[in-house]
Amino acid sequence: MAKIIGKALPNMPWQDKPQGYDKPVWRYDHNPIIPRDLIPTSNSIFNSAVVPFEGKYAGVFRCDNRGLMMDIFAGFSEDGVNWNINHDPIVFEPAPGCDPCVTRKEYRYDPRVCFIEDRYYITWCNGFHGPTIGVGYTYDFKTFYQLENAYLPYNRNGVLFPRKIGENYAMLSRPSDTGHTPFGDIFYSESPDMTFWGKHRYVFGTSKIAGWQAKKVGPGPTPIETDEGWLMIYHGVLNSCNGFVYRFGVALLDIDKPWIVKERGLFYVFGPEEDYELTGDVPNVTFPCATLTDADTGRITIYYGAADTVTGMAFTTVDELLSYMRKYPHPVD
């Protein structure tokens with residue numbers, strides 16, 4: 001059994017694998033857990049991030065309003081399933097030493113949240129003359145501070161590692177362009193101070209043999225540290241005759257040099273099958289943005305956006321993912 005490096009979380013949301021089910025990831029039987037209209041102004045709530053917080057749970061949620069303006073909102077939950085989301089979007093203050101111009105807002109979407117050292121860092125796709133990666137932090141999910149953007153436009157899907165690699169903070173991202181990106185590869189970057197990002201490394205790109213990840217790939221939730229390497233859940237995209245289809249798969253990265261791919265899966269581990277994943281504002285999308293993990297049992301709970309409309313929850317274990325990846329391996333360059 002592979003071991004998750006981290007804390008026990010025995011009370012996290014969980015359902016056992018259904019008897020006779022032969023796939024590596026299974027859905028919560030009361031999905032979607034967050035409907036599109038949970039707050040009064042929302043058109044959709046999806047692609048959001050959740051973390052343990054003060055014995056309960058907190059999160060940052062993408063809530064597109066009925067004007068289809070994209071922004072991120074804080075939310076809280078006793079059990080990780082039933083959520084209360086603030087009705088107003090997060091207001092960022094400039095972090096100490098940052099000019100107030102950093103808080104200039106065009107749009108914000110697809111947040112991730114990662115606890116590092118003493119605070120909760122938030123990354124998101126930030127509108128700054130095109131999409132880039134916004135970076136901020138909070139201690140209490142009430143007051144939020146914004147740092148400098150990590151990169152020049154254009155970039156999407158900035159995902160932090162939960163600890164420093166060597167002496168530096170580390171992030172995965174997907175460079176992009178101004179439109180609905182017709183390409184996508186995953187890159188790794190480091191920073192000594194969460195301001196200046198460099199040491200950019202190519203991780204991996206699209207597949208020439210596995211159609212579900214042939215159009216683009218991008219990082220999903222915060223990588224999970226295991227005794228075998230960093231377990232990365234990522235999204236892959238097929239460009240079908242009816243448009244893009246988003247599914248997710250797994251890869252294992254080197255623990256000390258995470259730009260080195262040790263193993264990668266040929267088959268996807270989860271994809272759109274249910275009505276709420278197949279039908280919505282953007283059909284045929286399952287998009288993972290967060291996990292909860294229990295180091296004692298190896299359990300993993302995944303939060304994902306469905307059809308760019310609602311939020312679902314799914315379950316797996318570290319061994320389920322690694323075993324499936326190894327049963328159906330993708331060649332590694």
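Reader: What makes β20 stand out in the lining of the largest pocket?
Author: β20 supplies the largest share of that lining, with 5 residues. Keep in mind that we're looking at a predicted model here.

Reader: Which other strands help line the largest pocket, giving at least two residues each?
Author: Besides β20 (286-294), you'll find β2 (42-53), β7 (108-116) and β16 (224-226), and each of these supplies at least two residues.

Reader: How big is the largest pocket, and which residues are closest to its centre?
Author: Its volume comes to about 780 Å³. The lining of the largest pocket counts 27 residues, and those closest to the centre are Lys7, Pro52, Phe115, Pro162 and Thr293.

Reader: What classes of residue make up the lining of the largest pocket?
Author: There are 19 nonpolar residues in it, along with 4 polar and 4 charged ones.

Reader: What does the second largest pocket look like in volume and lining?
Author: That one holds about 550 Å³ of space. Its lining has 25 residues, and Arg62, Tyr109, Asp110, His180 and Asp308 lie nearest the centre. Two or more lining residues come from each of β2, β3 (56-65), β7, β11 (155-160) and β18 (243-253). With 4 residues, β2 gives the most to this lining. By class, the second largest pocket is lined by 10 nonpolar, 7 polar and 8 charged residues.

Reader: How do you know how many disulfides the structure holds?
Author: The cut-off is simple: two cysteine sulfur atoms must be within 2.5 Å. Take Cys63: its closest cysteine sulfur, in Cys289, is 13 Å away, so that pair is too far apart for a bond. Over the whole structure, the count of disulfides is 0.

Reader: Is Cys63 called buried or exposed, and why?
Author: A residue counts as buried under 20% relative accessible area. Cys63 has 2% relative accessibility, so it is called buried.

Reader: And Cys241, buried or exposed?
Author: The cut-off for exposed is over 50%. Cys241 has a relative accessible area of 80%, so it counts as exposed.

Reader: Why are β6 and β7 said to stand at the edges of their sheet?
Author: Start with the strand order, which is β6-β10-β9-β8-β7 in an open sheet of 5 strands with mixed pairing. β6 (92-94) and β7 each have a single partner strand, so one side of each has no neighbour in the sheet. Neighbouring strands of this sheet are turned by 35° against each other on average, with direction ignored.

Reader: What makes β9 and β10 a pair?
Author: To pair, two strands need at least two bridges between them. Strand β9 (residues 131-138) and strand β10 (residues 144-146) have 3 bridges, in the antiparallel sense. Across from Tyr145 in β10 stands Tyr137.

Reader: Why are β1 and β20 called edge strands?
Author: They belong to an open sheet of 4 strands with antiparallel pairing, in the order β1-β22-β21-β20. β1 (26-27) and β20 have a single partner strand each, so each is left with one side lacking a neighbour.

Reader: How many bridges join β20 to β21?
Author: There are 8, and β20 runs antiparallel to strand β21 (residues 299-306). In one of them, Pro288 has Tyr304 in β21 as its bridge partner.

Reader: What makes Leu68 and Met194 unusual in the backbone?
Author: Most residues other than glycine have a negative phi. Leu68, though not a glycine, has a positive phi of about 55°, and for Met194 phi is also positive, near 65°. Leu68 sits in the loop between β3 and β4 (70-77), and Met194 in the loop between β13 (186-191) and β14 (198-204).

Reader: Which of these is buried or exposed, Leu68 and Met194?
Author: Leu68 has a relative accessible area of 55%, so it is exposed. Met194, at 1%, is buried.

Reader: Where are the cis peptide bonds that involve Pro32 and Tyr154?
Author: One joins Asn31 and Pro32, with omega about -10°, and Pro32 lies in the loop between β1 and β2. Another joins Pro153 and Tyr154, with omega about 20°, and Tyr154 is in the loop between β10 and β11. For contrast, most peptide bonds are trans.

Terms used
Residues numbered from 1 in each chain as written. Predicted model: local features only at pLDDT ≥ 70, side-chain atom pairs only at ≥ 80, totals over all residues. Heavy atoms only, no water. Buried < 20%, exposed > 50% of the residue type's maximum accessible area, 1.4 Å probe, protein only. 1 Å grid on protein atoms, 1.4 Å probe; cavity = no way out; pocket = protein on both sides within 12 Å on 5 of 7 lines; lining within 4 Å. Points joined across faces, edges and corners; volume = space filled by probe spheres on them. Nonpolar A, V, L, I, M, F, W, Y, C, P; charged D, E, K, R; others polar. Axes fitted to C-alpha atoms, helices over the stretch in contact; angles between N-to-C directions.
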